[in-house]
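Thanks for coming. I will take a few individual residues in turn, then the open and closed spaces, and finish with the chain as a whole.

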Amino acid sequence: MDKIRKGRKDSKCILCEKRTKPGKRRPLCGETNKNLRNFLSKNFLVLPNDDDVICDTCRRKYYREGQAQVNTPTVLTTDTNANDPDFMPPSAPKRAKLSSPLSISLPISSTIKGHAQCCLCKKRGPKLMVVPQEARFHTFLEKNIIIPAGSRCCPRHLCTEGFTKEANEDITSVYTVSDFNRSGLLELIDTIREHALKNKNARIDFDKSSSLNDTDFRNLTGLTITDFEDLCSHIPNSAIRDTRVRSMRTCIGIFLTKLRSGMSNKILATLFNIGKDSIRKAISSARDAVKQHFTPKYLGFDHVSRESVIQNHTRPLAQTLFGDITNTTAILVIDGTYIYIQKSGQFKFQRSTYSMHKFRNLIKPMMFVTTTGYIVSVIGPYLCNSKNNDAKILNSIFKNNLEKIKEWFDKDDVVVVDRGFRDSIDLLEEFGIQTKMPSFLKRNEKQLSVEDGNTTRLVTKVRWVVESVNGRIKQWRLLDKVLPNSLIPYAGEYTRFVSAICNKYRPPLNAGNETDDLLLGTKMLHMSKKKNELMERVSNENLHSRSGRWQKIDGNDSVEDFPKLSEEDIRDITLGVYQVKLAKSYTEEHLENDEYYEVMQQGHQLIRVRMASRHTSSKTHNLWITYDDCCIKAWYCTCKAGARIVGTCSHISSVIWFLSFYRHQSCKGNQAKQWKDYVHDANQPEVIDDSDSEPEE
């Protein structure tokens, strides 16, 4: 002992590495200190040498630790204490926590060393970050705190919504290594081990973008890797708590996979190698997080202004047809979409959700869409009985001023709707909103007039976008299938979240070209004011009842003077692609089993064609087409929309497409498979087997 006291004055403690005075240190050699050496070796992985010493402070901590283990009171359960209901056993004394010195260096970059104090949580540690400039902190304790430059903060506070983007980019590493003590290193190893155990059996890992390629991400979630990363950046770490089996990114991935595929929780549990209860909790956590932090940013009348819709989300064609020359009119397309549900055991609810139109149980969210396909808002869902038709739903939305819709619309704005909203026209006119709707057939009439047919075509040229938006939403199969009744409370949240995804990560359905849309809109408005002269000629000359010889067109030997056109020229006549798509189906039906169009020549460059209806097999339509050597001049059909000038009906476009384009092609292309060849038909003539009949003599 005297030898040690007379040793060097700068001897350091083996644990805290503090310089100790000769009277404040104790040796670690000798048989009397064997227990102390074993304690240091077991708890701190320290193997003392003969000349190592320990300070009195660390030695007293050892003695307190040893006494706490040796002198732990044993509770004797006597008969008196066992029968006493108020008896409480004494608590064990707290064990002192020892810390070893920072003697282990690892190649981990850091900005500062030492034991400074965090300016937010007031904790000390060796891994504090230096704030390079004044940064605004948004999420700590739900306060808005200004952190001055030069302050030090824990790395765990540096999250996506913590410091500003500029402050995060300015933080640079000062030291290439970081010092750890033994206990901190053990905690780091335990953390790595826990993370490895969490992901060792994962079949699909969303925590690593490299584990799945872009196609896999799109197939599972409907998003690319970049879009998935952006979506996760909107969700703060505090919104979804990481557990032992799942992380925040895994919860978002499971939720998107559920929406995209519509698979049950049992199948998802097998797919992600997680228990069914964990899948349910992950979906619930992700649903609440995106509802609060993502959906309101990209959906709702509050998230986008009326001026932004006019400038960025309105197609020039719609402004040409229904707007004004100042381009200050907001144009929205409104329609309800269907989400089919199970038949409920609650009879009143079952009656309220049964649709007499679809003959199924369903609920209806109301969609508000711009003319480019941008979804402004989704309100609902609503019931689907007679008291909840489209008109009454829209009236309820305006009367209750949901999402402050009356303040959003301005006078002379335009809404494009279908015929189901006819009872809402008066209410919308009270608010100064114009309504554009397809025309109705008048009483005892079978065909729209020329004016009504042209007006209807102007509306459908713009209104188709809402149907495409509904189809885009139904690509998430959970909304396309029959929704279980247990998910009815969340049907609106699912629809709104998918709509927000479409707004954020999907391109516009058709933004249009300003020059082309202006020319097309001007052409359609000019044609809508014309009369159908061929219709008047058919009526005046009684061409519909004049008899003649019908001829089947089977090649180039019939109507040889009919002009040859390209598909682009045909689209200019139909003013769209939908009629051209139907023309191919009509042609396929008439060419089946060597059956061809039946054509009658009723004048110079005037033909009459008889066609079967696509809806009713026993019903036929007659149509007339006049032409010259280079173009189609006029057309008329006896179908419901066949009198219009703005575009053609599908029957006329089919004949034009076959006569002017298809029959002149040397290669007809691959014929589509006939699905009826794979299905039996019971309406076949009975086959008579005469093998057992007696032969005639």
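I start with Thr370, which sits in strand β14, residues 360-370. What you have in front of you is a predicted model.

Is Thr370 buried or exposed? Its relative accessible area is 0%, and the cut-off for buried is under 20%, so Thr370 counts as buried. The side chain still has a polar partner: one of its polar atoms lies 3.1 Å from the backbone oxygen of His313. His313 also turns up in the contact list of Thr370, which leaves aside neighbours within four places in sequence. The other residues on that list are Val309, Ile331, Leu332, Val376 and Val465.

The next residue is Gly647. It belongs to the loop between β22, residues 632-637, and α26. Gly647 has 0% relative accessibility and therefore counts as buried. Which residues does Gly647 touch, not counting those up to four places away in sequence? They are Ile573, Thr574, Leu575 and Trp635. There is also a distance to note here: the C-alpha atoms of Gly647 and Gly453 are 9.8 Å apart, while the two residues are separated by 194 residues along the chain.

Now some backbone geometry. The peptide bond from Gly380 to Pro381 is cis, and its omega is near 10°. Pro381 is placed in strand β15, which covers residues 375-382.

Then there are residues with positive phi. Asn327 is not a glycine, yet its phi is positive, about 55°. You will find Asn327 in the loop between α14, residues 316-322, and β11, residues 331-336. With 40% relative accessibility, Asn327 counts as partly exposed.

Asp412 is another residue other than glycine with a positive phi, near 70° in this case. Its loop runs between α17, residues 405-408, and β16, residues 414-416. At 41% relative accessibility, Asp412 counts as partly exposed. The reason for that label is the band used: partly exposed lies between the buried cut-off of under 20% and the exposed cut-off of over 50%.

Helix α23, residues 533-540, has something to show at each end. At its N-terminal end Asn532 acts as the cap, with a side-chain oxygen 3.3 Å from the backbone nitrogen of Leu534. After α23 comes Asn542, with a positive phi near 55°.

On to the spaces. What is the volume of the largest pocket? It comes to about 1600 Å³. The elements that each give two or more residues to its lining are α19, α22 (514-527), α25 (578-591), β21 (620-627) and α26 (650-660). Of these, α19 gives the most, with 9 residues. The lining has 43 residues, and those nearest the pocket centre are Thr460, Tyr578, Gln579, Ala641 and Arg644. Sorted by class, the pocket lining holds 16 polar, 15 charged and 12 nonpolar residues.

The closed space is another matter. The count is 1 cavity of 30 Å³ or more, and the volume of the largest cavity is about 30 Å³. Which residues line that cavity? They are Arg315, Ala318, Thr371, Lys461, Val462, Trp464 and Asn510. By class, that is 3 nonpolar, 2 polar and 2 charged residues. Helix α19, residues 450-473, makes the largest share of this lining, with 3 residues. So helix α19 appears in both linings: it gives the most to that of the largest pocket, and it has the largest share of that of the largest cavity.

A general point on helices belongs here. An α-helix has 3.6 residues a turn, so residues three or four places apart point the same way.

Last, the chain as a whole. It has 697 residues, and 42% of them are buried. How many helices and strands are there? The secondary structure gives 26 helices and 22 strands. If we take contacts between residues at least 6 apart in sequence, 65% of them join residues at least 24 apart. The accessible surface is about 40200 Å², and carbon and sulfur atoms account for 48% of it.

That is the end of my notes. If you want to go back to one place on the model, I would suggest helix α19, with its 9 residues in the pocket lining and 3 in the cavity lining.

Methods. Residues are numbered from 1 along each chain as its sequence is written. This is a predicted model: local features need pLDDT of at least 70, side-chain atom pairs count only at pLDDT 80 or more; totals for chains, interfaces and linings use all residues. Side-chain values use heavy atoms; hydrogens and water are left out. Helices (H or I, at least four residues) and strands (E, at least two) are DSSP runs, numbered from the N terminus. Buried means under 20% relative accessible area, exposed over 50%, partly exposed in between (1.4 Å probe, protein chains only). Contact means heavy atoms within 4.5 Å. Accessible areas come from the Shrake-Rupley method with a 1.4 Å probe; for residues, only the protein chains shown count as cover. On a 1 Å grid over the protein atoms alone, a cavity is a set of points where a 1.4 Å probe fits but cannot get out, and a pocket is an open set with protein on both sides within 12 Å along at least five of seven lines; lining residues have an atom within 4 Å of a point. Grid points are joined across faces, edges and corners, and a volume is the space filled by probe spheres set on the points. Ala, Val, Leu, Ile, Met, Phe, Trp, Tyr, Cys and Pro count as nonpolar, Asp, Glu, Lys and Arg as charged, and the others, Gly among them, as polar. A polar contact is a pair of N or O atoms within 3.5 Å; within protein, one must be able to donate a hydrogen and the other to accept it, and residues adjacent in sequence count only if both atoms are side-chain atoms.
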